[in-house]
Amino acid sequence: MKIGTFAGVSFEVSSSKVLTFSDFVRSGSARWAVHDIILQKPLPEFEGPGQESISLKILLKRSRKVNPESVAQQLRSFRDGGKVGTLVIGKKPVTNGFWYIEDIQETHRFIDNKGISNTIELSLTLKEYPKDKPVRQKPRPKSSTGSTPATKTKAIGTATVKVGMLNCRTGPSMNARIKKVLRRGQRFQVYGYANGSGVRWYNVGGGLYISAGSQYSTFKKM
């Protein structure tokens with residue numbers, strides 16, 4: 001009876017072969033960002049689902065008509081090759097995405113006088129890999145000089161990101177779509193201010209806004 005497949009390994013139980021897994025644990029979390037608001041409680045913002053992970057154990061025994069070293073090497077090669085694959089349990093995939101092997105822990109038992117492992121217990125950690133490629137924004141049209149068109153409004157100053165990531169949104173609201181993410185040390189020009197969701201925002205031109213909280217960036221007036 002076939003139980004499932006992954007990385008080219010077929011999990012099955014029959015009169016001629018036993019290759020199964022145990023202690024199957026699946027975990028996942030959501031991604032939330034918490035924004036501090038002056039004189040109000042922090043405002044959580046849902047950023048999307050997080051990456052799921054699965055841990056399981058595989059017992060490879062030569063007495064069960066399995067070659068422990070061969071199966072272990074097959075999984076090592078899958079891990080070290082940076083490969084991804086579909087994890088099937090029963091007759092259907094666990095998710096609609098792929099999985100890769102992040103970690104393998106091996107316990108070799110009953111090694112004979114030729115150095116061959118007759119029993120190997122593997123502990124695998126799998127991580128989810130999305131099947132759909134991330135959506136990439138089309139580049140903005142450039143002017144004849146090769147630079148992006150300048151906004152007509154004069155900038156009032158520049159700001160520098162001082163946190164790991166800072167969202168740039170299509171409106172002055174926590175509910176507005178995230179257009180792009182700025183990283184620590186990036187600078188951007190500020191053309192004015194706006195208010196929304198109880199937060200003050202920088203108008204950074206092009207219909208985009210960034211939270212003006214001093215905990216996120218430092219502002220320098222022109």
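**View 1. The second largest pocket, with about 440 Å³ of space.** This is a predicted model, so keep in mind that the pocket comes from a prediction too. Of the 19 residues that line the second largest pocket, Ala33, Glu47, Asn167, Ile178 and Val181 sit closest to its centre. Four strands each supply at least two residues of the lining: S5 (30-35), S6 (43-49), S13 (165-169) and S14 (178-183). As for the mix, you'll find eleven nonpolar, three polar and five charged residues in that lining.

**View 2. The largest cavity, at about 30 Å³.** Search the whole structure for cavities of 30 Å³ or more, and one turns up. Its lining is made of Phe6, Phe11, Leu56, Ile58, Leu75, Leu124 and Leu126. Strand S7 (53-61) and strand S11 (117-129) are the elements that give two or more residues to this lining. Sort the lining by class and you get seven nonpolar residues, with no polar and no charged ones.

**View 3. Ser53 and what it touches.** Ser53 has its place in strand S7. Its relative accessibility is 15%, and buried means under 20%, so Ser53 counts as buried. Leaving out residues up to four places away in sequence, Ser53 touches Val25, Arg26, Ser27, Trp99, Leu126 and Lys127. One of these may ring a bell: Leu126 is also part of the lining of the largest cavity.

**View 4. The hairpin of strands S16 and S17.** Strand S16 (residues 192-196) runs antiparallel to S17, and five bridges join the two. To pick out one bridge, look for Asn195, whose partner in S17 is Arg200. Two residues lie between the strands of this hairpin, and Ser197 takes a positive phi near 60°. Strand S17 itself spans residues 199-205 and is mostly covered, with five of its seven residues buried.

**View 5. On to the hairpin of strands S17 and S18.** S17 also pairs with strand S18 (residues 208-211), in the antiparallel sense and over four bridges. Here Asn203 stands opposite Tyr209 in S18. This hairpin has two residues between its strands, and Gly206 in the turn has a positive phi of about 70°.

How values were computed. Residues numbered from 1 in each chain as written. Predicted model: local features only at pLDDT ≥ 70, side-chain atom pairs only at ≥ 80, totals over all residues. Heavy atoms only, no water. Buried < 20%, exposed > 50% of the residue type's maximum accessible area, 1.4 Å probe, protein only. Pairing = 2+ DSSP bridges. 1 Å grid on protein atoms, 1.4 Å probe; cavity = no way out; pocket = protein on both sides within 12 Å on 5 of 7 lines; lining within 4 Å. Points joined across faces, edges and corners; volume = space filled by probe spheres on them. Nonpolar A, V, L, I, M, F, W, Y, C, P; charged D, E, K, R; others polar. Contact = heavy atoms within 4.5 Å.
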